[in-house]
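Let's walk through this one from the inside out, starting with a small enclosed space and working towards the open ones. Have the viewer ready and follow along.

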Amino acid sequence: MNKAFAEIDPVYFEYAQKYLGRFMPITREELIDLLQYCEIRKFDKRVIIVREGEIDNYLNLVVKGLVRKYLPVKKGEVTLQLATEGHVVQSEISYLTKTPSMVILETLEPTILVSLTHDKMEEALDKFPKGERLGRLILAGMFIKKDDNRYNRLLKSTRERFFEYMEHHPHMLQRVPQKYLASYLQIKPETFSRLKALFAKKKK
Amino acid sequence: MLEPVRQFINQHIELTNEEFQTLASKFHPVSFAKKTKVVNIGEVATNIYFVLKGITRRYFYRGRQEVITHLVRENGIMGSVISFLTGEPSRYILETIEPVSALAISKKDLEELFLSDKKWEKFGRKIITSFFLQIEYHNMDVIRYSTKERFVNFMKQNPDLVLRVPQKYLASYLEIQPETFSRLKHLMVKEK
């Protein structure tokens, strides 16, 4: 085993195994092989990881902390993703097409990422026996998720989206400023407060 | 008949003549009359199609309202792609707007190809990446641009679709109210 990775927190392994295991069964040995291509990156809270206009060279798995992805618009910004432990976050278009990023990635908490550069990804997919299959299945997974998000955005009411999100992510209210959650759910701050009160009532 | 598909593939990955022939041997030519439901809600999509001629839309129902999420014309890939990839029942209807002729490839044949050589897996990844980018650009546009900007950009980039696709479908695809769409269209004609 590579020495550097022997010292890695087993929790990181677990997150990586869980993430990749969604696409295909993966052994501990295979995972150790794959992790050789990755870097561990640590950030304080409120650090910009990717700037607007910068090319994002990393695919990141959050193993500790929280990353917010947002898009600057004429009047302020729109939160696109709030990635916690076990989730992948990056400026996808920038990474996949090697063009300047439209979005900004910023940590909201002290954060640790397991990161893979574009070149290392291609190298790993090429060298690893099931790599290309894994690569295809990961992309398919990303695509399915985007389609799902769009479908839900178009199908469901604000209220339905709010309630579903709160059911599935009850801890996020403690971790994320309300304005970001409201922006992420595309709900006006006033509506968010009202729905939150309604949700608390329903819980009782 | 195969030249357009060859060109399409070249945008994503380089194939030798032999490799292309292997792929081409899996295609079945198909045609559909206009307003044919190629895939219905609840069906599992077992084929995807490269469109040679014609145009299709993909949509779902919000209550009784049709919500159009895709319009595909010549040299594009049509299908209920999520159902095709996951093997789960389709949430969408894939329906032709004009008569369509296309080249179909089945999930079974494509899976066989993937297993035969990792080069095909990479090919699959590149095509899926293009699907991913398409939806992500659309998502970004909806947030970044005003209704008017989206309308103008779309009209500039797709002048042919305006002539071929009913206005209500275009409005739905662009996530614009039909009345707003009409108003913007009049405005655009005037400005010209």
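Start at the second largest cavity, whose lining is made up of Lys69(A), Gln90(A), Ser91(A), Glu92(A), Ile93(A), Ser94(A), Pro100(A), Ser101(A), Met102(A), Val103(A), Glu136(B) and Met140(B). Before going further, some ground rules: this is a predicted model, where local features need pLDDT of at least 70, side-chain atom pairs count only at pLDDT 80 or more, and totals for chains, interfaces and linings use all residues. Residues are numbered from 1 along each chain as its sequence is written, chains are lettered from A and ligands numbered from 1 in the order in which they are written, and side-chain values use heavy atoms, with hydrogens and water left out.

A cavity here is a set of points, on a 1 Å grid over the protein atoms alone, where a 1.4 Å probe fits but cannot get out; lining residues have an atom within 4 Å of a point. Volumes are the space filled by probe spheres set on the points, with grid points joined across faces, edges and corners. By that reckoning, the second largest cavity comes to about 60 Å³. Its lining splits into five nonpolar, four polar and three charged residues (Ala, Val, Leu, Ile, Met, Phe, Trp, Tyr, Cys and Pro count as nonpolar, Asp, Glu, Lys and Arg as charged, and the others, Gly among them, as polar). H4(A) has the largest share of this lining, three residues. (Helices are DSSP runs of H or I with at least four residues, strands are E runs of at least two, and both are numbered from the N terminus.)

Two of those lining residues, Glu92(A) and Lys69(A), are worth a stop. Their side chains meet in a salt bridge at 2.7 Å, N to O (the term asks for a side-chain nitrogen of Lys or Arg within 4 Å of a carboxyl oxygen of Asp or Glu). Glu92(A) sits in helix H4 (residues 92-97) and Lys69(A) in strand E4 (residues 67-73) of chain A, so the bridge ties together parts that are 23 residues apart in sequence. Are the two partners buried or exposed? Glu92(A) counts as buried at 10% relative accessibility, and Lys69(A) does too, at 2% (buried is under 20% relative accessible area, exposed over 50%, partly exposed in between, with a 1.4 Å probe and protein chains only).

Glu92(A) has another partner: Lys146(A) forms a salt bridge with Glu92(A), with the closest N and O atoms 3.4 Å apart. That pair links helix H6 and helix H4 of chain A across 54 residues. Lys146(A) is buried as well.

Now follow H6(A) to the largest cavity, at about 390 Å³. H6(A) gives the most to its lining, with five residues. There are 26 lining residues, and nearest the centre lie Tyr19(A), Leu20(A), Leu59(A), Leu116(A) and Ile138(A). By class, the lining has 22 nonpolar, three polar and one charged.

H6(A) also takes us across to chain B. Arg136(A) meets Glu121(B) in a salt bridge at 2.4 Å, N to O. Arg136(A) is in helix H6 of chain A and Glu121(B) in helix H5 of chain B, so this pair joins two chains. Arg136(A) is buried at 4% relative accessibility, and Glu121(B) at 3%. Between the chains the count is 13 salt bridges, against 34 over all chains in the whole structure. One network links Glu122(A), Glu132(A), Lys122(B), Arg125(B) and Lys126(B).

How much area is buried between chain A and chain B? About 3700 Å², with carbon and sulfur atoms giving 63% (buried area is the accessible area, with a 1.4 Å probe, that two parts lose on being put together, summed over both). Arg136(A) turns up again here: with Phe143(A) and Arg150(A), it supplies 21% of the area that chain A buries against chain B, more than any other three residues.

Finally, the open spaces. A pocket is an open set of grid points with protein on both sides within 12 Å along at least five of seven lines. The largest has a volume of about 1600 Å³, and Leu80(A), Gln81(A), Lys145(A), Asn149(A) and Tyr184(A) are the closest to its centre among 45 lining residues. H6(A) gives the largest share of that lining, nine residues. In the second largest pocket, about 970 Å³, H5(B) gives the most, with eight residues.
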